[in-house]
Amino acid sequence: MRRIRKILLVLCGMMSSVGMMAEGLVPLVNNVNGRESMSLNGDWHYIVDVQEEGYYDYRHNPMRNGFFTNAKPQKPEDLIEYDFSSSPTMQIPGDWNTQDERLFFYEGTVWFEREFEYAKKSGHRILLYFGAVNYDSHIYVNGKKVGDHVGGFTAFNMDVTDELKDGENFVVVKVDNKRSAEAVPTLIFDWWNYGGITRDVLLVDVGDTYVENYKVGLDNDDMDLIHFEANLNNKTRGEEIVLRIPELNIMQKLKTDRYGSVECAIKSHPDLWSPENPKLYKVYIDYGGETLEEEIGFRSIKTRGKEILLNGKPIFLKGICMHEEKPNGGGRANSTADAHELLSWAKELGCNFMRFAHYPHNEYAVKEAERMGILLWSEIPVYWTIAWTNTDTYLNAEGQLRDMIMRDHNRCNIIIWSIANETPHSSERDTFLGKLATYARSLDDSRLISMAMEVTGASNYVNRLNDNMNKYVDVISFNQYVGWYRDVNDASKMTWEIPYNKPVIISEFGGGAKYGYHGDKNQRWTEEFQENLYRENLAMLEKIDGLAGTTPWILKDFRSPRRVLPGIQDYYNMKGLFSDKGEKKKAFYVVKEWYGKR
Ligand code: GCU
């Protein structure tokens, strides 16, 4: 943390831009649900604003009295051509696509407004916290701009103490989920572009000086050593921060340094977290009369040659990929209940690992996986062909990486940070991703770094992986679609050359099938075709030297605007082992049996 804080302080000094810390934002607080807060979840009014009438005038210049002022006619002749209070409402958190059928395909601007009472307390600061807003958001409190943010899957917060009033207040959020080439993700991606305020909204009550972020974890090499780091929101020296883990008889008093940080290592013998034993400890951080409480597990994760070692022992990662989408056409998932249902399907498959694709999933899902004993791969949406030479695009990606790590670095079940998926080779790409990998390691050198590379072809049935990024990652992961996008029924002839002395994860493979559609195993879209494809693929993959894990694509069928085949896809990617309704396809049993033997 001291190291992170120094880095962040230096960077803050150097530049402010999209990715770094957008206007009005303050560094992300972690463990937001362990802090005192008031929820603003619930019904919010919304206005669909296709031409951004509420932001620009007819000359397309930003207006001073846009919809964010939430103006009301004061005199009979006043002309106000919008009114939040008589506009429809929708549930927040939630996407607009599944709550208003007119917005199913909609990509553009929607304004959200919510009124609330607040009683201010002196000596307290108030942070307005969003778990996630897809994609480009501008936030106003009582008509005053308090911040903006880009990126649809990471949390952000801003200090609104000075804008808040004692009593009646209102918050307005302009959300725009239009895609663009410079964005992260870029113009095209194979998932539904659910728009809106998709995760919790909270007013977080902190002291004038507060514990901004902290990290508690086991040393990867010495499993009898617990590391603790914490930092205050300002550089106050000599403040006392106390770490308590009663079950381990730990009570450590520390004084902050000139950076407002503390750091220590404590000898202890915790019961180690593992999929078989997802042991969590109650951890308390005391500062300034306030206590942050969190459940944290202790485990060691590292590699040794082509092995992945969990708590010093080799482990095979029996995984599956998953998008953050409720079953039964339900839209963006955002609760513990949503997560528990989907994670239970993965457990039924025999999984001890999941790849949360292709963006950081909500904190409830990560924590539920930790309680259920599921190891995780967490990823930022640097997906396909990103604008590699665009500085703002890089800082945007870096910002998402930072916020993913700063929110979840106390989750012991997260073992891999992934910086990219299926990105085309070029020196510009290598530079971009090389910087991201180095940055991830500078923020957290206690986890493995990877990315989903790809092998898209074979010559004479020899599949070679050749990727310059091999030197930046701890685990070599790649996607391959033998049997679906190429080489149907040739899996048995295939061999693989992966010239790196590192563990290998097959981060995607598989094929589509419509549940209940049966026929010959050579008939596309039948369950028999998918079943056969999996049988052949698993037999092929287990011959790979250094295979340390697999995450088939994908747990359940999911919505995608790129999948338009009538009667089969109907805007769903059909590669799930489960249908969107949770029906098991034949291939499910092939994977379950294979994992059962591992
Ligand atoms: C790609 C990609 C996924 C996509 C999948 C598919 O590999 O990473 O996001 O959904 O292939 O084509 O189904």
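**Notebook: loops, rings and the ligand site**

**Entry 1. Asn-249.** I began with Asn-249, which has its place in the loop between β14 (240-245) and β15 (250-255). The model I am reading is a predicted one. I looked up the backbone of Asn-249 and noted a positive phi of about 55°, although this residue is not a glycine. Is Asn-249 buried or exposed? I recorded a relative accessible area of 73%, and exposed means over 50%, so Asn-249 is exposed. I then took a distance from this residue: the C-alpha atoms of Asn-249 and Ser-268 are separated by 8.8 Å, with the two positions 19 residues apart in numbering.

**Entry 2. Asn-70.** I next turned to another asparagine with a positive phi, Asn-70, where the angle is near 50°. Asn-70 is found in the loop between β3 (42-48) and β4 (89-92). Its relative accessibility is 7%, and the limit for buried is under 20%, so I entered Asn-70 as buried.

**Entry 3. Cis peptide bonds.** I looked up omega at two positions. The bond that runs from Asn-134 to Tyr-135 is cis, and I noted omega near 25°. Tyr-135 lies in the loop between β6 (124-130) and β7 (136-141). Val-184 and Pro-185 are also joined by a cis peptide bond, for which omega is about 5°. For Pro-185 I wrote down the loop between β10 (167-176) and β11 (201-207).

**Entry 4. Asp-176 and Ser-492.** I checked Asp-176 and found it in strand β10. Because its relative accessible area is 10%, and buried means under 20%, I listed Asp-176 as buried. The C-alpha atoms of Asp-176 and His-138 are 8.9 Å apart, and the two residues are 38 residues apart along the chain.

I then went to Ser-492, whose place is in the loop between β29 (476-479) and β30 (495-497). Its relative accessibility is 59%, which puts Ser-492 over the 50% limit, so I counted it as exposed. From Ser-492 to Arg-299 I noted a C-alpha separation of 38 Å, for residues 193 apart along the chain.

**Entry 5. Aromatic pairs.** How many aromatic pairs does a search of the whole structure find? I recorded 35. I looked at Trp-345 and Phe-578, which form a stacked pair with 4.8 Å from centre to centre and 20° between the planes. This pair links distant parts of the chain, since I found Trp-345 in helix α2 (residues 336-349) and Phe-578 in the loop between β34 (572-573) and α7 (586-596), 233 residues apart. Both Trp-345 and Phe-578 are buried.

Next I looked up Trp-594 and Tyr-595. Why is this pair tilted? The ring centres are 5.8 Å apart and the planes of Trp-594 and Tyr-595 stand at 45°; planes under 30 degrees apart would count as stacked and those over 60 as edge-to-face, so the pair is tilted. Trp-594 and Tyr-595 are both buried.

I also noted an aromatic cluster, formed by Phe-67, Phe-68, Tyr-82, Phe-84, Trp-111 and Tyr-140.

**Entry 6. Charges over rings.** I looked for arginines placed over aromatic rings and wrote down two cases. The ring of Trp-484 has the charged end of Arg-524 over it, 4.3 Å from the ring centre. The ring of Phe-316 has the charged end of Arg-598 over it, and I noted 4.3 Å from the centre there as well.

**Entry 7. The ligand.** Which residues come nearest to the ligand? Of the 14 residues around it, I listed Asp-190, Tyr-383, Glu-422, Tyr-485 and Glu-508. I sorted the shell around the ligand by residue type and obtained five nonpolar, four polar and five charged residues.

I then went through polar contacts with oxygen atoms of the ligand. I found an N or O atom in the side chain of Tyr-485 at 2.5 Å from a ligand oxygen. For Glu-508, a side-chain N or O atom likewise lies 2.5 Å from an oxygen atom of the ligand. Asn-421 has a polar side-chain atom 2.9 Å from an oxygen atom of the ligand. Last, I looked up how far the ligand is covered: on its own it has 310 Å² of accessible area, and the protein covers 97% of this.

Notes: Residues are numbered from 1 along each chain as its sequence is written. This is a predicted model: local features need pLDDT of at least 70, side-chain atom pairs count only at pLDDT 80 or more; totals for chains, interfaces and linings use all residues. Side-chain values use heavy atoms; hydrogens and water are left out. Rings of Phe, Tyr and Trp (its six-membered ring) pair if their centres lie within 6.5 Å; planes under 30 degrees apart count as stacked, over 60 as edge-to-face and the rest as tilted. Helices (H or I, at least four residues) and strands (E, at least two) are DSSP runs, numbered from the N terminus. Buried means under 20% relative accessible area, exposed over 50%, partly exposed in between (1.4 Å probe, protein chains only). A charge sits over a ring if NZ of Lys or CZ of Arg is within 6 Å of the ring centre and within 35 degrees of the ring normal. A residue is near a molecule or strand if one of its heavy atoms lies within 4 Å of it. A polar contact is a pair of N or O atoms within 3.5 Å; within protein, one must be able to donate a hydrogen and the other to accept it, and residues adjacent in sequence count only if both atoms are side-chain atoms. Accessible areas come from the Shrake-Rupley method with a 1.4 Å probe; for residues, only the protein chains shown count as cover. Ala, Val, Leu, Ile, Met, Phe, Trp, Tyr, Cys and Pro count as nonpolar, Asp, Glu, Lys and Arg as charged, and the others, Gly among them, as polar.
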